[in-house]
Amino acid sequence: MRFDLAVTIPYNLFIVLKMKKLNITLSILILLTIIAAITSELEIKHAAFALIGFAIIKFIGVSFFFMDLRKAHAFWKVAMLIFLLIFTTSILLIG
Amino acid sequence: MALVAMTYYDTQEPEIFHTSRLQLNSTIGTVNTIFLIVSGFFMAVSVRYLKKDEVKKSSLFLKLTMLGGLLFLVLKTFEYSHKIEIGLTIGYNTFFTFYWLLTLFHVIHVIVGLVILISVHIGINKKKVITKIEDVEAGAAFWHMCDLIWLLLFPIIYLLF
C-alpha cells in the first residue's frame, strides 16, 4: 500500500505536468498573487488599480480555464465580464 | 455589494481602515490564496480525469482538492484565534466588522464545499456508481465559486486599504 502511494502520487503529478493550459494558468495565478502581495507592501502610486487588475485577471483565469467557462454559452461569458466591469468600476470610483 | 460598501466606508474612515488593514497578516492571506488556487487546479484535473472515465486518478485529485481546502481552514482558524486573542473581534471597528462578516461567510461556503466534495468522492468510488459527471461538475463549480469569491476578498481586505 505504501509502495503504491509512493509510486502513484509522483506518477500522476508527472501526468498533470503535461496538462499545459492548466499549468500555465496555475503558474500565472500564483505569480500574480505573489506580485500583488509585494505591490501592497511597496508605496506605489495607483497601487489600487494594479491590485484590482491582478484580481480581475485571476478571476478570469479561474473561471475560464479551471471552470471551463470558455466552453460555456456566450451568455455566461458576457454575464461574467459585465459583472467584473460593474464590480471594478464601483470599487475604483468609490475608492 | 459588501465589498463595494466596505470601499465606501473606507472613504469615510480612511485612517481606521488603513491601521486596521495593517493589523492583518498579508502573508497568511497570500498563502491561503495559493492554497485555494492550487486546490481549484486539482479540482479541474479531477474533473478532466473523470470525463476520461479514469475514476482512480479523479479520486486522487479530489482528495488533493480537499486537502487544499482543509489547509485553508487550518490557516484561517490560526488567524482567527490570533485576532480573538488580541481583541480584534467583530465589534472592534467598522473594518473588522466587514472583515469578520465577509471572511466568515466565505469560510462557511468552504466548509459546505468540502461536504459536497466528500459526498462526490464517496459517490464516484461506490461500486454501483450513482454520481453522474454532471453532479461532479456542479460540485466543482461550487468549489471554484469559493475560489472566485476569495480572489476578490483577498486583495480588498488584506491589501487595498
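Select helix α3 of chain A, residues 47-66, in this predicted model. The helix has 20 residues, and its first and last C-alpha atoms lie 27 Å apart, close to the 28 Å expected at 1.5 Å a residue.

Next, colour the buried positions of α3(A). They are A:Ala48, A:Leu51, A:Ile52, A:Phe54, A:Ala55, A:Lys58, A:Phe59, A:Gly61, A:Val62, A:Ser63, A:Phe65 and A:Phe66. Which elements do these buried residues pack against? Within chain A they meet α2 (20-41) and α4 (74-94), and in chain B they meet α3 (26-51) and α6 (133-160). Move just past the end of α3(A) to A:Asp68, where phi is positive, at about 60 degrees.

Now select A:Thr25, which is placed in helix α2 of chain A. Is this residue buried or exposed? A:Thr25 counts as buried because it has 22 C-beta neighbours inside 10 Å, the cut-off being 20 or more. Leaving aside neighbours within four places in sequence, A:Thr25 is in contact with A:Gly61, A:Phe65 and A:Phe66, and these three residues are among the buried positions of α3(A). For a distance to display, take A:Thr25 and A:His73: they are 48 residues apart along the chain, and their C-alpha atoms are separated by 21 Å.

Show chain A as a whole. Along the sequence it follows the pattern α-α-α-α, with four helices and zero strands. Of its 95 residues, 24% are buried. Among contacts in chain A with a separation of 6 or more, 54% involve residues 24 or more positions apart.

Turn to chain B. Its elements run α-α-α-α-α-α from the N terminus on, which gives six helices and zero strands. The C-alpha atoms of chain B fill a box of roughly 60 × 30 × 20 Å along the principal axes. Buried residues make up 39% of the 161 residues in chain B, and 76% of the contacts between residues at least 6 apart join residues at least 24 apart. Colouring by confidence is also useful here: chain B averages a pLDDT of 92, and 100% of the residues score at least 70.

With both chains displayed, select the contact between them. It takes 28 residues from chain A and 27 residues from chain B. On the side of chain B that touches chain A, the elements giving two or more residues are α1 (2-12), α3, α4 (55-85) and α6 of chain B. Which of these gives the most? The answer is α3(B), with 10 residues. By class, this side of chain B has 17 nonpolar, seven polar and three charged residues. For the model, the scores are ipTM 0.88 and pTM 0.87.

One residue to centre on is A:Ala55 of α3(A). Not counting residues up to four places away in sequence, A:Ala55 touches B:Leu151, B:Leu152 and B:Pro155.

Finally, select the largest nonpolar core, which has 58 residues. The members that touch the most other members are A:Leu51, A:Ala55, A:Phe66, B:Phe41, B:Met43 and B:Leu151. Elements giving two or more residues to this core are α2 and α3 of chain A, and α3, α4, α5 (94-125) and α6 of chain B. The largest share, 15 residues, comes from α6(B). End the tour by showing α3(A) and α6(B) together, since the buried residues of α3(A) pack against this helix of chain B.

Key: Residues numbered from 1 in each chain as written. Chains lettered and ligands numbered in written order. Predicted model: local features only at pLDDT ≥ 70, side-chain atom pairs only at ≥ 80, totals over all residues. Expected span 1.5 Å × (residues − 1). Buried ≥ 20, exposed ≤ 12 C-beta atoms within 10 Å, placed from the backbone. Contact = placed C-beta atoms within 7 Å. Nonpolar A, V, L, I, M, F, W, Y, C, P; charged D, E, K, R; others polar. pLDDT = per-residue confidence, 0-100. Core = buried A, V, L, I, M, F, W, Y, C linked by C-beta atoms within 7 Å.
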